[in-house]
Amino acid sequence: MSERARAEIHPAALRHNLTVVRRLAPGRRVYAAVKADAYGHGVARLAGALADADGLAVASLAELQALRTAGLTQPTVLLSDVLDGDLSALTADPEAEPLIFSTAQFDRLAAIAAEYPRRVWIKLDTGMHRLGFAPEQAAGLHQRVAATPGLTLAGWMTHLGCADDPDDPMTTQQVTFFDSALASLPGHRSIANSAGICAWPRTHADLVRPGIMLYGGSPLLDRSAADLGLKPAMTLTAPLISCTEIAAGEPVGYGATWRAPETMPVGVVAIGYGDGYPRHAPSGTPASLDGAPTPLVGRVSMDMLTVDLRRAPDARVGDRVELWGTDVPADTVARAAGTIAYELFCRLTARVNFRVDQG
Ligand SMILES: *Cc1c(COP(=O)(O)O)cnc(C)c1O
C-alpha cells in the first residue's frame, strides 16, 4: 500500500482518440499537440501511440528535443518559440517546422535559411489577438518566403479563440478572415484545435491540430468527452489511509468548511495539492471507489483530502480512490475547481507516480 498518488497513462486510449479525430476530419493531416510534455501525460509514455499522428506540435525547442529523444521523428511545428537563443536543435532537425509570427523571427530564420533549409508555417491573427500577423500582410509574407532561398512554405495557420462555444459567432468570423486573406495564395491551411475538429467542420481545412481530445478531455462547453466518444488517457488514483466515523454536526478539515449532516463514514485519501490535485475543488467534487461515488468533503490539504464514504460502506484502508479517469471525468473535477482539464493534467507534480498501462 506504500504507493501514494498514481497516474496511470493509457496509450490505447490516445490511439482510440486519434481515430475519433480521423473520423471527424477525414482525409486531413493530423498534427498532435504534445506541448507541456503531452499535456502532462509524458511524451515518452505515449510515444508508441503518438507515432500514428502525421506530425506533432510543441511550444519550444527543448520540447522538440524531448520528443526526438523519445524516438518520435515526425514533422513538428514549433507553436510559440521565439527562436532567439541557440538554434542548434533547430538546424540539426530538418523535420522541425517553425511557426513564424513576428518579423524578428522571420529575419532570424531567413539569415540561416541558405545553410539550413526549412519548411515554415506562417501564423495569421484572425481575431484572437495573441500571436500572428495581420491578415492583410499575407501576400507580402508569401512573397518574402518565395524570395528567400532555403525557405519553403509549409502552410498558413491561425488559432481559434472561442470554438468551445458552438453559439459564438467569432469562429465563423475568424474562418472568413482567414479564407479571404488567403484567397489568392497557395499553401496548406490549418485552423482547427480540438474544439474546431469536434464542432466546426468549416475549420478542418488541410491539417488539424488536436490536443485535449487526444487525452480524453472534452473541448466543448456543452458536450462531455463520453458524448464525443473519447476515452481518458490518464487515471489518477490514491489510497485510503484512514476510514473513520464522523459524528453528526462535526467538521472535517481546515477551516471547518464542511460538517457531517449525519453520523457517517469519511475516508482520508493520500493525495492533495502537493501532488497537483486542485486545492479549490470544493466539497461535492466527484471521486469514486470501484464505481461508487465518494465525493470530496472539506478542504483539500497538501498531502490529503477527505471523501464521503456513505455509498462505499465496505471501503477499507488501502483501497484506491479514483480522482479522475474512467469513472470520474477530469472535466467535471475541473469545472468544480474553476479550471479546465488541461490545467489539471499539466499541474501534477513530481510526487505522483506515473505508470504506463500496457493493455
Ligand atoms: C495547444 C494548441 C492546439 C491544441 O489545442 P486543444 O484545445 O488542446 O485541442 C492547437 N493549436 C495551437 C496553436 C495550440 O497552441
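Reader: Which are the buried residues of helix 4?

Author: This is a predicted model, where local features need pLDDT of at least 70, side-chain atom pairs count only at pLDDT 80 or more, and totals for chains, interfaces and linings use all residues. Residues are numbered from 1 along each chain as its sequence is written, and side-chain values use heavy atoms, leaving out hydrogens and water. Helix 4 spans residues 61–69, helices being DSSP runs of H or I with at least four residues, numbered from the N terminus. Its buried residues (under 20% relative accessible area, 1.4 Å probe, protein chains only) are Leu61, Leu64 and Leu67.

Reader: Why do they sit on the same side of helix 4?

Author: Take the directions from the helix axis to the C-beta atoms. The buried residues end up on the same side of helix 4 because the arc they cover around the axis is only 120°.

Reader: And which residues are exposed on the other side of helix 4?

Author: Exposed means over 50% relative accessible area. On that other side, the exposed residues are Ala62 and Thr69.

Reader: Which glycine just after helix 4 takes a positive phi?

Author: Look right past the end of helix 4. The phi there is about 95°, and the residue is glycine 71.

Reader: How much of the ligand does the protein bury?

Author: Polar contacts here are pairs of N or O atoms within 3.5 Å. An oxygen atom of the ligand lies 2.8 Å from a polar backbone atom of isoleucine 212. Taken alone, the ligand exposes 390 Å² (Shrake-Rupley method, 1.4 Å probe). Of that, the protein buries 92%.

Technical notes:
Helix = DSSP H or I, 4+ residues; strand = E, 2+ residues; numbered from the N terminus. Polar contact = N/O pair within 3.5 Å; in protein donor to acceptor, adjacent residues only side chain to side chain.
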